[in-house]
Amino acid sequence: MAGKNKAFVCFDPDNDLHCWNVLKSWNTEGLLSFKIEKARELNQLYDDVPEVALKKKIKEVLRDMKVLIVLIGNHPRNLLKYSKPEIEFALENNIPIIGVNLNTGRKQDDLCPQILKNELVMFIAFGQKILDVAYTNWPESYYLYKEDGKSGPYQYYDSVYAELRYQVA
C-alpha cells in the first residue's frame, strides 16, 4: 500500500451532502492528516453504463485509495443507489473501509447497508479526530485481521473517544 495516501468518500448526495461539506472543510483547514476525494461526481449514476466499462472506470478512479470512507446516514438504500459499485470494488480488492455513522453511533447499527453487515469494516461516529485515528490505524489492523481470517464489524472502545474528547460534529 506504499504511496497510497488518499481516502475516497462515498455518500448519499440527496441527504448527506452537508456532511461531505464538513469533511471538505476539515480537509481544507488541514484538520485531517490525509486528503479526501469523492469517489464520483455528485448525482452521477451508472445505470446506463455497461458493467465492464463501469468496473474499469471505478478501478481508474479508486486505484490510489488507501481507504474507502462510507458516510452512513438515515437512508442506506439511497446510499447504495449512488455508492454500491465503489463499495463492491473496495470489498473485492481488499481495501479497508471505514463506515462513518452520521447518527453519532460508534458501532455498526440498523442503518448499516446490508452489503457491509458481515464485512471487516471499522465503524465510527462522525467526528474529525476519530476519523483521523481510524484513517491512521485501521488499514494496518485491517490487513492483520484479514491475514488471520477475521471478519465482521469493529469499533473503537469508548475510552478512545474519551481520550479524543469526542464531541458530536
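Are F11 and W20 buried or exposed? F11 is buried, and W20 is buried as well. That is a handy place to step into this model, which is a predicted one. The two residues also meet ring to ring: their centres sit 5.5 Å apart with the planes at 10°, so this pair counts as stacked. With planes under 30 degrees apart being the cut-off for stacking, the 10° between F11 and W20 qualifies.

Let's step back for the overall layout. The chain has 5 helices and 6 strands, and if you walk along the sequence they come in the order β-α-β-α-β-α-β-β-α-β-α. There are 169 residues, of which 44% count as buried.

Back to the rings. A search through the whole structure turns up 8 aromatic pairs. Each such pair comes down to how far apart the ring centres are and how the planes are angled. Take W138 and Y142: their centres are 6.1 Å apart and their planes meet at 65°, so this pair is edge-to-face. Both of these residues are buried. They belong to helix α4, residues 128-147, and being 4 residues apart there, they are separated by about one helical turn. The story doesn't stop with two rings, either: W138, Y142, Y143, Y145 and Y154 are linked by ring pairs into a cluster. Elsewhere, a ring has a charged partner, with R106 lying over the face of Y161 at 4.1 Å from the ring centre.

Since W138 has already brought us to α4, have a look at the helix itself. α4 runs for 20 residues and spans 29 Å from first C-alpha to last, close to the 28 Å expected at 1.5 Å a residue. Even so, α4 bends by about 40° at W138, with a proline, P139, following within four residues. The buried residues of α4 include W138, P139 and Y142, along with Q128, I130 and L131. After the helix comes G149, with a positive phi near 75°.

Now compare that with α3. How far apart are the end C-alpha atoms of this helix, given its 17 residues? They are only 20 Å apart, short of the 24 Å that a straight helix would reach at 1.5 Å a residue. There is a bend to go with that: α3 turns by about 75° at S83, and again a proline, P85, follows within four residues. Both S83 and P85 are among the buried residues of α3, as are L79, Y82, I87 and F89.

P85 and F89 turn up again in the largest pocket, where they are among the lining residues. This pocket has a volume of about 170 Å³. The rest of its lining includes E51, L54, K55, I58 and K59, and also E88, E92 and N93. Two elements, α2 (51-62) and α3 (76-92), give two or more residues each to the lining. α2 gives the most, with 5 residues.

Which residues take an unusual backbone turn? Most residues other than glycine have a negative phi. N94, in the loop between α3 and β4, is not a glycine and yet has a positive phi of about 50°. At 36% relative accessibility, N94 counts as partly exposed. T104 also has a positive phi, near 70°, and is likewise a residue other than glycine. You'll find T104 in the loop between β4 and β5, where it is partly exposed with a relative accessible area of 33%.

The loop between β4 (97-101) and β5 (121-125) also holds D110. D110 counts as exposed, at 76% relative accessibility. Its C-alpha is 9.5 Å from that of P76, a residue 34 positions away along the chain.

For a loop residue at the other end of the scale, try F34, placed between α1 (17-28) and β2 (35-38). Is F34 buried or exposed? It has 3% relative accessibility, and therefore counts as buried. F34 also makes a long jump in sequence: T136 is 102 residues away along the chain, but C-alpha to C-alpha the two are 8.8 Å apart.

Key:
Residues are numbered from 1 along each chain as its sequence is written. This is a predicted model: local features need pLDDT of at least 70, side-chain atom pairs count only at pLDDT 80 or more; totals for chains, interfaces and linings use all residues. Side-chain values use heavy atoms; hydrogens and water are left out. Rings of Phe, Tyr and Trp (its six-membered ring) pair if their centres lie within 6.5 Å; planes under 30 degrees apart count as stacked, over 60 as edge-to-face and the rest as tilted. Buried means under 20% relative accessible area, exposed over 50%, partly exposed in between (1.4 Å probe, protein chains only). A charge sits over a ring if NZ of Lys or CZ of Arg is within 6 Å of the ring centre and within 35 degrees of the ring normal. The expected span of a helix is 1.5 Å times one less than its number of residues. The bend at a residue is the angle between axes fitted to the seven residues ending there and the seven starting there. On a 1 Å grid over the protein atoms alone, a cavity is a set of points where a 1.4 Å probe fits but cannot get out, and a pocket is an open set with protein on both sides within 12 Å along at least five of seven lines; lining residues have an atom within 4 Å of a point. Grid points are joined across faces, edges and corners, and a volume is the space filled by probe spheres set on the points.
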